[in-house]
Each structure stands twice: as C-alpha cells, then as structure tokens.
Amino acid sequence: MSTDQAAPADFVDLFEHAPCGYLATDPHGRISIANATFCSWTGLTKEHLAGRRFQELLTLPGRVYFETHFAPLLRMQGVFNEVALDLVGASGDRIPVLVNAVERKSAQGQVEFIRITVFNATDRRRYEAELLKAKQVAERANEALQELNATLEARISAEVDQRMRAEAALRQSQKMEAIGQLTGGVAHDFNNLLTVIIGSIDSMGRVLQGLPASAETARLNRLRDMAIHGARRAATLTSRLLAFSRRQALDPKAVDPNQLIKGIAELLLRTIGENIAFEVVSGAGVWHAMADPAELENAIVNLAVNARDAMPNGGKLTIETGNVHLDEAYVEALDEPVEPGQYVMLAVTDTGHGIEKEMLVKVFEPFFTTKEIGKGTGLGLSQVYGFLRQSRGHVRIYSEVGHGTTVKLYLPRAHPDTAAFQPGERDESGYYGGSECILVVEDDEALRSFSSSTLRELGYSVIEASDGRSALEMLKDNPQIELIFTDVVLPGGLNGRQLVDQAVLDLPRLKALFTTGYTRNAIVHNGTLDAAVNLIGKPFTVGALARKVRQVLDL
C-alpha cells in the first residue's frame, strides 16, 4: 500500500510503536501526548504521564542540568538536539536516552506546543563502556610492553604528556563553553535592563541640569551620580563575563601598539596615581597588531589597575612593546592551542608584591582574586585572557614574590596590506540629532520605549516594531524610513540580521544599526564582527546612541 493510501490505523500504529519515544507538551512543558513505545520503556501509563513535566521523569542531576542549560536553550533558539540524559522508570531503573526537542509556533510567533523525541541509548552506553574497557586493557598492555622494552620509555612519556595537555585543553574548552552558555543567555536580558536603567538615569541628569541650582537639586545630582556609578559597574561585570567566555563582538583592526599606548598614557597616569613611576619602552619597528583597539585599551588599563593595587606603597609600572616569533617548540609546550608565527608583544611589568607560584595557575579563572574581599571582582585578568584568546592571541604571566609581576600579551601580526587604525578624537560631549525617519525593532517593551523616546527627543521621526515580521510590514508601508535600528536577537524566527538582509532587497538605500548584549553568531563569526556591520553594544547611553545613529546616517 502506498503512503497516500495508508489507513489512519496504520498511521496510529506507526506513531504508537515507532522505534523511538514521542512526546508532546504544552508551552509550559506539561505532557499531553505520549506514544506506546515511551510508555513501554518507562513502565508508566499515558494517564500517569499526562500533565507531568518532562524533566520530572529525569534523574535529579539530569533535572538540574535540563532546567539550567537546555530549557533556556530551547527558549532561546527553539530547538536542541541529541542531549544525553537518564530517565527514571516506574521501577526506579535508569534508562539512558538521547533527547531532541523543538518548539512549534503560531504565525504570530507564540509557542503552541513542544515536540520531544526520545531515543533509547542503552546499547550506545554499553558500547561506550565496552570501548572504555578495551581502552583500559590496551593501557595495561602498554604498561606491560614498557616493562619489556625499556627503550620505549621516553616515547611513551612524551605521548602521555601530550595526552595530558590535550585533556587539559579539553577541560578548559568545556569550562569556557559552560560559562559561555550561562553568561550568554543572562547577558542579553541583563543588558536590556541596564540599557533602560543607564539611559533613564542619563536623561534624568539632563533634566536636572535645566533646573535652578538648589540644595534639593544638588542632592538629586548626588543620588543620580551614585546610581549611574552602580549601573556602570554592573555593565562592566557583564562585559567582563562575556569577554572571558569569548562572546564579545570584536572589531579587529591593524593597530600600532606604540601609538595606542601613547593615546591612553594620560588615562594610565590618572589610574595609577602619583606615587607610581610610569615608563613606556617602545620597540623600534614594531609591527601592527590585529586587534580590537577599544578592547586592547581595556586590557592594558585592567593590567595597570592590577599593577597599581600590587604597589600600595609606590613602585614602577613599565609597558614594553616588541616583535616576537613563537616557534613550534614553544607553542607545543602550551596547554592551549596557539598558532606558531609572528606576534606583537605588549608586556606590562610592575615592582609590586608578586604572586605565589601555586596561585599563578588560577589567576585567569573568573572570580579568582588575590586581593582582599571587596577590593576586586576577580574578572580583570579573566577578561584579558578571553580577549586575547578570542583575538587568536596568547597571554603569559610571570611573577616572583617580593619582586613583581610581568604579564605578556601576544597579538597576531596584522597583514602589511591592512589599513592602519587611526584613533580619532574622544568626543564624548554633545547630542547629535536629525530629522530622518528611523524604524526601531526591539522585542523588549521597556527598551523599545526608551530607544524610541530618546530618538524622538533628538528630532528623529520614529516607527516601532516588536519583531522582524511586523518590521517588514512597517517598511512596506513607510518607504521614507532611512535607518533600521534593530536588536540582533528577535522572536518569531527572524533575527535582526535576517530582517536587514530582507529589507535591503526592497530598499537598497536603507542603512542599519544593530544592538545586542549577546550576538549568538548572527553578526559575529569566529569572534569577529562581520564586515560593514554597524553595532552599538548594550547597555548604551543616550549620548552614545545619538553619536552612533548620526554616524551611520552620515555614512
């Protein structure tokens, strides 16, 4: 019988007795449908399963892992595949499974139900156990061979060292990925909130400037300053977490390190204070480094702050630049993968109290700090580490207690044909307005309202949309729109980049400005911002938004 002629009973039988378990849940995860295969595996009846949440059927560790990792992942991207978990059957036995899940949404982007497919992984786990046992047998055989043939000792020792380095690199990679999943989802929502908070405080300050001076306005200004200080510290913490987990949107350029350090010298002097001598040793003929200039400045300032804190009674801070070549012998000895080749080196050295040897292996871990409680977040060096690794660079730290510390940053040499970055004036004053029509696309209502009202105050005509589909309709009805200001992460199956790509097909002259607190590879690939993409990261101030919008419109 052909598929077209199959009786409904055949379809029911195919569903009920498929070689995998099928479940359907409502948007809150409560089971509404389960097939006979799943019931036979678990020993649970359909009536018993109805209304229960899928994660209630998992072991306790699996339930925690599902709630903290895969439920947020499903909400963020609408699907996850081949997640290894353990079910608990009616008899209490564990059933190893592989789980796939996908959200089904209405035309309006609302989740109607969730499909869950469950594959029995008992045989797969058994094969893995057998492979592990075979590996252990092979390792015992190697040990026996080692005893018989002493000449292999050196080769086997080198092989074991290489395996240990690979395992260390794997553990580091897994830790980075876990932190990335955790911080990425949190950062998007948290940065939305911070944008509204910082922007509102900024607007409050402009209103206060127009009021007559009085004791009350002075008090309000002090409260406003405290609030903006706290909000900016929160934004810095989020930024540092994203830097460590390599989720930043880097915009690398060919940077002259000597010129960059000269440009921030005054800032460094203010940062370290008058009791610390400051010296720059600029290497002759130093190559240009391929790096994001703003993030490189942040890294140097972070290291200067650490150096200052290590010299409470004064000392000397030295920044040195030079060219280096990392050969294969050097990079093979590292625990992390680094490409051999030409690099630009920036070394930051202090004469402070130094770091104990057993502490050095932990200094790049997030939240680890050698400072007193309340004196640091433990994210400064981890931010530097994440930035260097995302830039395909390398960082090393050398320290001796009582003599000081040197942190060496290695950045890839820029191709000689790459145009050099030219730092502009640091213009942080003024609010640049205009009269153009701007389409603001943002699913967060509070942030959309803040962005729209700010642009209207600057003189722009503003149209609002909450998702990509409705934004496309707005563009059709309003061809006078000249700029689309959109979040990268949008609901409804159409992200900000896809929205802009479709919009410019009908309106080639349309300009675009993206904003995001977490990119999810929509406009960032391999850690680098896509070419010709204009981005303002969340959280942003009124002044920053005004300048960036004017800059994009004037391109």
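Q: Why are phenylalanine 66 and phenylalanine 80 both called buried?
A: In this predicted model, a residue counts as buried when its relative accessible area is under 20%. Phenylalanine 66 and phenylalanine 80 are both placed in that class.

Q: What makes the pair of phenylalanine 66 and phenylalanine 80 edge-to-face?
A: A search through the whole structure turns up five aromatic pairs. In the pair of phenylalanine 66 and phenylalanine 80, the ring centres are 6.0 Å apart and the planes meet at 80°. Centres must lie within 6.5 Å for a pair, and planes over 60 degrees apart count as edge-to-face, so this pair earns the name. Phenylalanine 66 sits in helix α4 (residues 60–77) and phenylalanine 80 in strand β3 (residues 79–88), so the pair ties together parts that are 14 residues apart in sequence.

Q: Which residues do ring pairs link into a cluster?
A: The cluster is made of Phe54, Tyr65, Phe66, Phe70 and Phe80.

Q: How do you know that phenylalanine 190 is partly exposed?
A: Its relative accessible area is 34%. Partly exposed covers the range between buried, under 20%, and exposed, over 50%, so phenylalanine 190 falls in the middle class. You can find phenylalanine 190 in helix α6 (residues 153–209).

Q: Which residues form a nonpolar patch with Phe190 on the surface?
A: Leu193 and Ile197 join Phe190 there, and together the three have about 260 Å² of accessible area. A residue needs over 30% relative accessible area to be in a patch, and Phe190 passes that cut-off with 34%.

Q: What makes aspartate 123 and arginine 126 a salt bridge?
A: Side chains of opposite charge can pair when their charged atoms come close. The closest N and O atoms of aspartate 123 and arginine 126 are 2.9 Å apart, and the cut-off is 4 Å, so the pair qualifies.

Q: Why are aspartate 123 and arginine 126 separated by about one helical turn?
A: Both lie in helix α5 (residues 122–148), and they are three residues apart there. Aspartate 123 is partly exposed at 41% relative accessible area, and arginine 126 is partly exposed at 37%.

Q: How do you know that glutamate 279 forms a salt bridge with lysine 316?
A: Their closest N and O atoms are 2.7 Å apart, which is within the 4 Å limit. This pair links distant parts of the chain, with glutamate 279 in strand β7 (residues 276–281) and lysine 316 in strand β9 (residues 315–326), 37 residues apart. With relative accessibility of 32%, glutamate 279 counts as partly exposed, and so does lysine 316 with 36%.

Q: What makes arginine 456 and glutamate 464 a salt bridge?
A: The N to O distance between their side chains is 3.3 Å, within the 4 Å cut-off. Arginine 456 is partly exposed at 40% relative accessibility, and glutamate 464 is partly exposed at 30%. Elsewhere, salt bridges with shared partners bring Glu436, Arg550 and Asp554 into one network. By this rule, the count of salt bridges comes to 16.

Q: Why is glutamate 339 called exposed?
A: Its relative accessible area is 61%, and exposed means over 50%, so the name fits. Glutamate 339 belongs to the loop between α11 (328–332) and β10 (341–350). From C-alpha to C-alpha, glutamate 339 is 8.4 Å from glycine 393, although the two are 54 residues apart in sequence.

Q: What is the phi of arginine 392 near?
A: Its phi is near 60°, a positive value in a residue other than glycine. Arginine 392 is in the loop between α13 (380–390) and β11 (394–400), and it counts as exposed at 55% relative accessibility. Glutamate 82, in strand β3, has a positive phi too, near 50°. Glutamate 82 is exposed, with a relative accessible area of 55%.

Q: Where does pLDDT stay under 50?
A: That happens over residues 425–429, for which the model has six contacts beyond four places in sequence. Where pLDDT is low, the predicted coordinates should not be read in detail. For the protein chain, the mean pLDDT is 81, and 82% of residues reach 70 or more.

Note on methods: Residues are numbered from 1 along each chain as its sequence is written. Side-chain values use heavy atoms; hydrogens and water are left out. Patches are made of residues with over 30% relative accessible area and no salt bridge: like charges are joined within 9 Å, nonpolar side chains (Val, Leu, Ile, Met, Phe, Trp, Tyr) within 5 Å. Accessible areas come from the Shrake-Rupley method with a 1.4 Å probe; for residues, only the protein chains shown count as cover. Helices (H or I, at least four residues) and strands (E, at least two) are DSSP runs, numbered from the N terminus. Buried means under 20% relative accessible area, exposed over 50%, partly exposed in between (1.4 Å probe, protein chains only). Rings of Phe, Tyr and Trp (its six-membered ring) pair if their centres lie within 6.5 Å; planes under 30 degrees apart count as stacked, over 60 as edge-to-face and the rest as tilted. pLDDT is the predictor's confidence in each residue, from 0 to 100. Contact means heavy atoms within 4.5 Å.
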